[in-house]
Amino acid sequence: MGLLKTNMLIFTLRRFSLFFFTMWLLTILSFSLSFLFPGEQLINLTGEINASPEQLAVLANEYQQQANLLTQYFSYVSHLFHGDMGYSMTSHLPIMTEIINRLPATVELTCVALLVAMFFGIPIGFCAAIYHRKAPDNFILAIAMIGYSIPVFWLGILAILVFSVQLGWLPSAGQISLLFEIKHVTGLQLVDILLSDSEYKWQAFQDATRHLILPVIVVALAPATIFMRLARTAMLEVLDTHYIKAAKAKGLTFSQIIYRHAMRNAVIKVIRDVGLQFAHLITIAMVTEVIFSWPGIGRWLIESIYQRDYTAIQGGLIVLSTFIFIVHIIIDFVYAALNPLAREPNHGT
Amino acid sequence: MNLIDIRNLSIELQTSTQPILAVDRVNLTMKEGEVRGLVGESGSGKSLLAQAIVGVLDEKWKVDADRFHWRGNDLMRLTPEERKAIISKDVAMIFQEPMACLDPTTTIGEQLEEAVDVEQLTGFFWQKRQQRKLAAINLLHKVGIKQHEMCVKSFPHQLTDALCQRVMIAMALARRPMLLIADEPTAAMESTNQGQIFRLLASLNQLKNMSILLISHDLENVTHWTNAITVMYSGQFVEAGTTEQIFNQPYHPYTRALVDSSPKANRMIPNKSRLMTLPGSIPILQHLPIGCRLGPRCPRAQQKCVHAPKIKNFHGHQVSCHFPLKDSYS
């Protein structure tokens, strides 16, 4: 057991070193952006467009503008560590406040969408593999192809037209109805509602869920179809292995083989690729946030790009990439928890 | 009564162009308590034959036989489900590469427990869990694994190949089979481990009267452990008889060549001389010769050999050849 613990420790340390180096590269990229964007580098970095010459001199001193580039970079990083990303050029609020207000909504939308995509995509993919080259398989593959090819902006607008405007089943914009007043605790709307002691708690919860349904479906559709195909391939691979044949020879029935052996091994293969798909999912979520007026960081970032708010672009870039990377690492840990082979540092015998 | 009696079993590979006859009318009979070797080069269809008996071939293979009797029961008359029920109750199989045959994400203990026969358990469902555990540990003891606690908690990749093969044998024993089919159980194993596995199989045969069908490409090694041997070449039946008959007086030119190619069987040959081999190599499935498939390589081949020979029986020593070597022994 001691060996297992050290293996797990090495695994964790590896992930953290990867995290460290990726963050390092990200900050370099974001720092160099302040030079590449048009205008004064110091103003791009701080976002103080209306500052007087005296204030600018103070800022220049703070960011060590007179020193060499390396020192400038380190003073930028130390500002980042203190949570100071400068001020938004348009709203003149600190970038940090803007992000703290908006990131939770994106986290909520993307995480729910990821779970929904996995929850529906993976079992459907398994079904396709079990009925390999039969009617259900072809049907699922066709659906997956169509789902993957539909552009998200078109799907979003269509969903609003059909379900909100014509049928009137679901709300078309926002995170929650204005009637409800929810105290901002974690920022995650559903969690905040459950934490609040309002007497209309359950109504608020229902309302927030109703607001969540359409955007989640729109965001989850494309990843779900990818998961379907990944799960189908993984299941076919697993069904072709020796241990499935051996399990058959052992006298297990087909459903026993699927539930006890094939599913777990196939899920592991799919989980490994979920992290990669998450970055794709974030991109879709950014477009969806614009369509559904979701108060998330994606919509804010796209607006900042339109308004040439360079400070906001730099900050948003760092925060979104960090979020994607953290999810990546979490999925790596889930993968290691499910797969005993991944916990070993090397595969030599 | 014969344990298993197979007559003219053919296995076809369904391809997009035309079906390929991978195994061509093979016979196999086994008595109860017998250890029979099934010998042939790789690609001679011996693993296919074994998998066809157990019924684990997938849909692209089509199996056909004139007779398939299991302890007097005609299995050809039964539905696939009934056949599977009988076979999985009485026949167990172990494979080469034992590590690949164990689920990599499930512990050995869990895999052993699910192999335990439900009918052997008594009592209520809350007692069964404990009984399953005990049964699994008992199985491990039967195959000579003493550190059962370590073994039960391990994942397959944490054990050696030989240990994994023992675990596979333990799983095979769980249903108390009449027949154990061992498909090259010691391929890619060190010789000490090979010996251990063969000794374990031999003791199971003697103590539990379990019949064993031992599949191997190594005729010389198989002779140490078997009572009878069936030889196959390129999907065709070649020769069958007792181990002594096959090893000392083979009637078929192919078996003769197999025996001659092993250094132990002919100690008389001078040092550093070449061993006897047949010219050429085993034909690929797409270009099988007609008639006797050994024809193009056979030193005794004549025009007649383009027709498949009928099986001749000399006091239980069966050979499929137009020109058997029977008269060359005096």
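Here are some exercises with worked solutions on a predicted model with two chains, A and B.

**Exercise 1. Compare how the two chains are built: how many helices and strands does each have?**

Step 1. Start with chain A and walk through its secondary structure. You'll find 13 helices and zero strands. Written along the sequence, the pattern is α-α-α-α-α-α-α-α-α-α-α-α-α.

Step 2. Now do chain B. This chain has 10 helices and 13 strands.

Step 3. Add the dimensions. Along its principal axes, the C-alpha trace of chain A spans about 85 × 60 × 40 Å. For chain B, the C-alpha atoms fill a box of roughly 70 × 50 × 40 Å.

Step 4. Look at burial. In chain A, 36% of the 349 residues count as buried; in chain B, 39% of the 330 residues do.

Step 5. Check how far along the sequence the contacts reach. Take contacts in chain A with a separation of 6 or more: residues 24 or more positions apart account for 69% of them. In chain B, 64% of the contacts between residues at least 6 apart join residues at least 24 apart.

**Exercise 2. What radius of gyration does chain B have, and what would a compact globule have?**

Step 1. Count the residues: chain B has 330.

Step 2. Get the expected value. For a compact globule with that many residues, the radius of gyration would be near 20 Å.

Step 3. Compare. Chain B has 21 Å, so the value agrees with that of a compact globule.

**Exercise 3. Which domains does chain A have, and how many residues does each bring to their contact?**

Step 1. Find the bounds. The domain assignment gives domain 1 (14-81) and domain 2 (95-343) in chain A.

Step 2. Look at the spacing. The centres of these two domains of chain A, taken over C-alpha atoms, are 34 Å apart.

Step 3. Count both sides of the contact. Domain 1 of chain A brings 12 residues and domain 2 of chain A brings nine residues.

Step 4. Trace the domain 1 side back to its helices. α1 (2-36) and α2 (41-46) of chain A each supply at least two residues there. The largest share, eight residues, comes from α1(A).

Step 5. Sort that side of domain 1 of chain A by class. You get four nonpolar, seven polar and one charged residues.

**Exercise 4. Describe how helices α7 and α11 of chain A cross. Which residues meet?**

Step 1. Locate the helices: α7 runs over residues 152-166 of chain A, and α11 over residues 254-291 of chain A.

Step 2. Read off the geometry. Their axes come within 10 Å and cross at roughly 35°, and the crossing is right-handed.

Step 3. List the partners. From α7(A) come A:V152, A:F153, A:G156 and A:I157, and from α11(A) come A:I284, A:V287, A:T288 and A:I291. By class, that's six nonpolar, two polar and no charged residues.

Step 4. Think about the spacing of those positions. An α-helix has 3.6 residues a turn, so residues three or four places apart point the same way.

**Exercise 5. Is A:S164 buried or exposed, and what does A:S164 touch?**

Step 1. Place the residue: A:S164 is found in helix α7 of chain A.

Step 2. Count its neighbours. A:S164 has 16 C-beta neighbours inside 10 Å, so this residue counts as partly exposed. Being buried takes 20 or more, and being exposed takes 12 or fewer.

Step 3. Leave aside neighbours within four places in sequence. A:S164 is then in contact with A:L170, A:P171 and A:S172.

Step 4. Look back along the chain. A:W154 is 10 residues from A:S164 in sequence and 15 Å away, C-alpha to C-alpha.

**Exercise 6. Where do B:R71 and B:N209 lie, and what is the phi of each?**

Step 1. Take B:R71, in the loop between β5 (67-70) and β6 (73-74) of chain B. Its phi is near 50°, a positive value in a residue other than glycine. B:R71 is partly exposed because 15 other C-beta atoms lie within 10 Å.

Step 2. Take B:N209, in the loop between α7 (191-208) and β9 (211-216) of chain B. B:N209 isn't a glycine, but its phi is positive too, about 55°. With 11 C-beta neighbours inside 10 Å, B:N209 counts as exposed.

Methods: Residues numbered from 1 in each chain as written. Chains lettered and ligands numbered in written order. Predicted model: local features only at pLDDT ≥ 70, side-chain atom pairs only at ≥ 80, totals over all residues. Axes fitted to C-alpha atoms, helices over the stretch in contact; angles between N-to-C directions. Helix = DSSP H or I, 4+ residues; strand = E, 2+ residues; numbered from the N terminus. Left-handed = near helix turned anticlockwise from the far one by under 90°. Contact = placed C-beta atoms within 7 Å. Nonpolar A, V, L, I, M, F, W, Y, C, P; charged D, E, K, R; others polar. Rg over C-alpha atoms; globule rule 2.2 N^0.38 Å. Domains from an automatic or database assignment.
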